[in-house]
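Here are some exercises to work through with the model open in your viewer. Try each task before you read its solution.

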Amino acid sequence: MIDYKELYMRQLSIGGRWQEMLRDVRRRSVIVDGFPYVIQWNASRVRSTMANVASASSQSVVLCPLCLASRPKDQFSLPWCNSATGNSFEVLVNPYPIFRHHLTIVSVDHREQHIDFLDMWCMARELGEGVALFFNGAKCGSSIPGHMHYQAVPADELPLFKEGVEFAKERSFVFSTDSPEKAKLMFDCFMKSIGRSDDNLINVIATYQHKASEVVTFVIFPRKTLRPWQYSAADEDSKLLVSPATVEVSGVIVTPDERTFNRITADDVRDIISQVSEKVK
């Protein structure tokens, strides 16, 4: 098991900014087509929300903030390796969290953002029940697509898991499996069915359940685009700083500015999610 709670205790014990990560976050709720969405103002997320994906994809090892040499000197980590694939990762406390117990799980080697279901299934199992592990495609939410990484947050913070599959029924593909090989096969079949050849415009979220057998449930969100038109609107009255990733399509709309937090409505949320989401037939 990945003992992320012990990692959090160790990280928070040093004090300073690590203890203040979520101090100024504000939240409110809106109802969209009968389902609750959370609007969250989190000023620390400005780097992710406004990231230049084009430049990040070509980022060198020297400049990459996920590589060991560029990380804060006081950032602790836990090692994790998938013996089946040989891929090694480090589990970190996210320095700009959306929720408490927000992890970033980064590849030890500097390689581009591409999903590996053999790793993701095993990682979800190691994190245990109650944790949502997710992947942001290089062109739909990953602010650092030049370095392979996953993220993990408490599943009960996301409306997707509180409301069930109906929450995203028309814009997601859901399946459960007891093996990583079956997970990869299901994903490959789904991608073929929608005519996709890469994972750049895909958000994926996974949760583990231990029932009669070990099962990981995956929710796949095919995407149409990175950001809605409101993000780059010239008209300040129309501008909304929302850059949807897995957390947003799962029901928590994060913005780094107070103006968007105060102005965004249920109709705006519906429109934004509709713009970036591909319908699943």
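**Exercise 1. Find the element that holds R10, and work out how open to solvent R10 is.**

Solution. Start with the place: in this predicted model, R10 belongs to helix α1, which spans residues 4-12. Next, take the relative accessible area of R10, which is 43%. Buried would need a value under 20%, and exposed a value over 50%. R10 therefore counts as partly exposed. To finish, get a feel for distance: V131 is 121 residues away from R10 along the chain, and their C-alpha atoms are separated by 19 Å.

**Exercise 2. List the buried residues of α1 and decide how they are arranged around the helix.**

Solution. First, the list: Y4, L7, Y8, Q11 and L12 are the buried residues of α1. Now look down the axis of α1: these buried residues fall within an arc of 120 degrees, so they line one face of the helix. Then ask what sits over them. The cover includes the strands β3 (77-81), β4, β5 and β6 (131-136), along with helix α4 (117-127).

**Exercise 3. Do the same for α9: which residues are buried, and what covers them?**

Solution. Helix α9 covers residues 266-276, and its buried residues are A266, V269, I272, I273 and V276. Their arc around the axis is only 125 degrees, which puts them on the same side of α9. Among the elements that cover them are strands β1 (26-32), β2 (35-41), β10 (214-222) and β11 (252-255). Helix α7 (246-249) is also part of that cover.

**Exercise 4. Look at the backbone of D33 and H101: what is the sign of phi in each?**

Solution. Take D33 first. Its phi is near 55 degrees, so the sign is positive, in a residue other than glycine. D33 sits in the loop between β1 and β2. With 55% relative accessibility, D33 counts as exposed.

Now H101. Phi is about 60 degrees here, again a positive value, and H101 is not a glycine either. You'll find H101 in the loop between β4 (88-93) and β5 (103-107). The relative accessible area of H101 is 24%, which makes this residue partly exposed.

**Exercise 5. Place K162 and G164, and classify each as buried, partly exposed or exposed.**

Solution. K162 is in helix α5, which runs over residues 159-163. Its relative accessibility is 57%, and the cut-off for exposed is over 50%, so K162 counts as exposed. G164 lies in the loop that links α5 to β8 (173-177). At a relative accessible area of 25%, G164 is partly exposed.

Two distances help you orient yourself. K162 and V131 are 31 residues apart along the chain, with 13 Å between their C-alpha atoms. G164 and N87 are 77 residues apart in sequence, and their C-alpha atoms are 32 Å apart in space.

**Exercise 6. Is I205 buried or exposed, and which strand holds it?**

Solution. The strand is β9, residues 202-210. I205 has a relative accessibility of 1%, and anything under 20% is buried, so I205 counts as buried. For a distance check, go to C81: it is 124 residues from I205 in sequence, and the C-alpha atoms are 20 Å apart.

**Exercise 7. Step back to the whole chain: how does its radius of gyration fit a compact globule?**

Solution. Count the elements first: the protein chain has 9 helices and 11 strands. For 281 residues, a compact globule would have a radius of gyration near 19 Å; the chain has 18 Å, which agrees. The C-alpha atoms fill a box of roughly 50 × 45 × 35 Å along the principal axes.

Next, the inside. Buried residues make up 52% of the 281. Of the contacts with a separation of 6 or more, 69% are between residues 24 or more positions apart.

Last, the outside. The accessible surface is about 12900 Å², and 53% of it belongs to carbon and sulfur atoms. As for charges, there are 32 positive and 34 negative ones, and their mean positions are 2 Å apart.

Terms used. Residues numbered from 1 in each chain as written. Predicted model: local features only at pLDDT ≥ 70, side-chain atom pairs only at ≥ 80, totals over all residues. Heavy atoms only, no water. Helix = DSSP H or I, 4+ residues; strand = E, 2+ residues; numbered from the N terminus. Rg over C-alpha atoms; globule rule 2.2 N^0.38 Å. Buried < 20%, exposed > 50% of the residue type's maximum accessible area, 1.4 Å probe, protein only. Contact = heavy atoms within 4.5 Å. Areas by Shrake-Rupley, 256 points an atom, 1.4 Å probe, with all protein chains shown as cover. Lys, Arg positive; Asp, Glu negative; His and termini not counted. Charge placed at Lys NZ, Arg CZ, Asp CG, Glu CD. Arc of directions from axis to C-beta.
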